[in-house]
Amino acid sequence: MPKIRKILTYVVLVLFSILSVWPFYWIAKTSFEAGGNVYKYPPSLIPYPATFSNYVGAWKTVKLGNYYLNTIIIAGFGTLLNVLFSLMVAYPLARIDFKGKQLVLFLILLPMMIPVQNTLIVNYLTLRKLSLLNTYTGVILPQAVTIFGIFMMRQAYLSVPKSFEDAARIDGAGELYIWWRIITPLIKPDIATLVVFQVITWWDNFLWPLIVLSDSNKYPLSVALVYLNSTFQVNFRYTAAGIVLAILPVVLLFIFAQRYIINAIAGGVKY
């Protein structure tokens, strides 16, 4: 009986995996097809004849190289600032005792109750006053630090035994040295996980760049592919190729960083 239950569990998991992967596989398959009806029935599992012409066409038609560069700039600086600020805010909340710390933590976590959409108008008016509309800075600045990042790094710092900190203080180390050279290196899996989450968030960010940027040449990939979708209406395979090119870097990042993510989720800070 346990063996049958185990087999049924694996069958269900395989079916759910197929259902989850199929849309991505269909997009990838379509991007390599040369011609014919995209929605033909029954659908073919292997593109034949296969061709890279759709990728070349999509790259040239909408100048994807320029949008890739825009996305890398926004995602790179956005992730860097978010991780750095999260570490700076989380450390004193986790490792330093001061009056009102719980109140400060409560006030930081309180905005999580407010939907992100409710802050769009305030942020937009603030950026207009600062003359930062239609700039990369305007896209990055309002989300340069997130409550999720602060809370995640705080929990990571709390998992480090205090003995490391005490030993460093006995040796005469200062607070800044303890933070950057002693405690922070011990939470690398958690930092790597936050980096992956932030890169995915910034890479897929659509609404805020669309609101802030008025120059289409500054659009990131997520906005460019939707905004220029009319260009692809005569050839959906160009759209499929553009989608594959847009999600490929994120997939590769997840593959290379998955061991850090697993360690962080498992709570494994290795000493």
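This passage describes a nonpolar surface patch, a group of aromatic rings and the surroundings of one asparagine in a predicted model. In this predicted model, local features need pLDDT of at least 70 and side-chain atom pairs count only at pLDDT 80 or more, while totals for chains, interfaces and linings use all residues. Residues are numbered from 1 along each chain as its sequence is written, and side-chain values use heavy atoms, with hydrogens and water left out.

The structure holds nine aromatic pairs (rings of Phe, Tyr and Trp, the last by its six-membered ring, with centres within 6.5 Å; planes under 30 degrees apart count as stacked, over 60 as edge-to-face and the rest as tilted). Among them, Phe 52 and Tyr 55 form a tilted pair, with 6.3 Å from centre to centre and 50 degrees between the planes. Phe 52 is exposed, at a relative accessible area of 59%, whereas Tyr 55 is buried, at 12%; buried means under 20%, exposed over 50% and partly exposed in between, for a 1.4 Å probe and protein chains only. Ring pairs also link Phe 32, Phe 52 and Tyr 55 into a cluster.

Asn 82, which is found in helix α3 (residues 64–95), is buried, with a relative accessible area of 0%; helices (H or I, at least four residues) are DSSP runs numbered from the N terminus. When residues up to four places away in sequence are not counted, Asn 82 touches Gln 143, Ala 144, Val 145, Thr 146 and Gln 198, where contact means heavy atoms within 4.5 Å.

Notes:
Helices (H or I, at least four residues) and strands (E, at least two) are DSSP runs, numbered from the N terminus.
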